[in-house]
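Please open the structure in your viewer and keep the sequence beside it, as this tour moves from one selection to the next.

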Amino acid sequence: MSTPRYTRVAIGLHWLIGLMIFVSLGVGLYMVDLSLSPAKLRFYSWHKWAGVTIFTLVLVRCLWRLTHAAPPLPDPMPRWQRMVAEATHYLLYALMIAIPLAGWLMSSAKGFQTVYFGVLPIPDLLAKNKDLGETLTLIHRYLNYTMIAIICAHIGAALKHHFIDKDDILRRMLPERKASHPTAMEQIGTS
Amino acid sequence: MNYLTRTFVLIGVALAANTAQAIEYSAVQADKSTIAFTSRQMGVPVQGRFPKFTTRIAFDPAKPEMAKVDISIDLASIDAGSQDANDEVVGKQWFNVKMFPSASFTSTVVKATGAGRYEVTGPLTIKGKAVPVTATFGFKVEGNNGIFDGGFTLRRIDFAIGEGPWADLSTVANEVQINFHVVAAAAAPAPTKTK
Ligand code: HEM
């Protein structure tokens, strides 16, 4: 009996998006406190382009997830934990969509169009409006703070499963290796 | 009788010609006039404007070559698209408004280039540097008002607008598109020649 795993595509998208979000969070938090300079303008542009890329990847990921069910959680997990895990995952999906959307609308409301890599203009859905721009900036910010908290919980849970519960939760999201993992086999053997 | 008629006709023609020449658009309507600009940041067009400026204009479409334009812009009033940008561009590296509070343009040559199209050339002075620029504009009459719509491309480096790190043209482009919309009412024929 082999451990149920995520598909290769799902694994690839998970880590790619995760890495990009990590970088975008860092750049976002860093750039906002810079005083205005050409470097700041560059950071803002790259941040926006990365955000648009993440958004596109997240859409692909959602489509993939809708057509490829996630492997079921292992039996020994208590019901409340499953519910929390699932809620966390849905919340992360929601934030991965809402944050770039807020960023894009914020930019439009502030009068700075998003032009993907300086070549592909993304339409402004909102006209320039200072107050709305400030509100959307706050929305973008607090959604990000929320996501940071949830990502911490997400990583914490994954590590707890791996190192304390010693189950396969983390491993089934890791790229498959040729050799089988003894701990995994033992785990299955004993359950 | 023939003689008398001819005299009247001549006087009539002369009067008509006179009034045609005297329609000079010079009463600038500041509240209806705008000077806007579009800069490019990382390839993205960003709109801005100069809300405070004074224009003196004397333009008779029948004699465009006699036209005169004088514009003075209060640079501290700039709206460069965001508060951050406004605070930045009044500073030393950009307009340095403490030293150079205004930008000015004085026409030296105005000429017609086609139906309702004109060209105005003259020195534009910003930050103590005078550089000749040529703007094209269209002119049309709406009621008692003459409307001037035109623009030109300014190269900010010619005036050292954006020094130090900002001289990097890959983040903020050299070319800044300036667009003006000036509304001037026709002045009454008598007091046109006050200056
Ligand atoms: C998943 C994608 C994204 C993440 C993780 C992210 C994260 C962040 C973070 C952490 C900040 C700093 C918030 C603060 O402290 O105020 C920020 C700011 C910002 N983000 Fe994003 N962002 C993303 C997508 C986008 C997109 C798609 C755009 C625009 C198209 C965008 C535009 C901005 C802008 C303009 C700011 C600066 C706000 C300010 O000036 O205060 N972001 N982002």
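Begin by selecting strand 4 (residues 53-58) of chain B, where Phe53(B), Thr55(B) and Ile57(B) point to one face and are buried, while Thr54(B), Arg56(B) and Ala58(B) point to the other and are not; strands here are DSSP runs of E, at least two residues long, and helices are runs of H or I of at least four, both numbered from the N terminus, and buried means under 20% relative accessible area with a 1.4 Å probe, protein chains only. This is a predicted model, in which local features need pLDDT of at least 70 and side-chain atom pairs count only at pLDDT 80 or more, while totals for chains, interfaces and linings use all residues. Residues are numbered from 1 along each chain as written, chains are lettered from A and ligands numbered from 1 in the order written, and side-chain values use heavy atoms, without hydrogens or water.

Add strand 5 (residues 68-74) of chain B, which runs antiparallel to strand 4 and is joined to it by 6 bridges; there Ile73(B) is the bridge partner of Phe53(B).

Next, select Phe148(B), which touches residues including Tyr25(B), Ile57(B) and Phe180(B), leaving aside those up to four places away in sequence; contact means heavy atoms within 4.5 Å.

Finally, turn to the iron atom of the ligand, whose protein donors are His47(A) and His140(A), each through NE2, at 2.0 to 2.1 Å; donors are N, O and S atoms within 2.8 Å of the metal (3.2 Å for Na, K and Ca), with water not among the atoms. His47(A) lies in helix 2 (residues 38-67) of chain A and His140(A) in helix 4 (residues 130-164) of chain A, 93 residues apart. Both His47(A) and His140(A) are buried.

Terms used: Buried means under 20% relative accessible area, exposed over 50%, partly exposed in between (1.4 Å probe, protein chains only). Two strands pair if DSSP finds at least two bridges between them.
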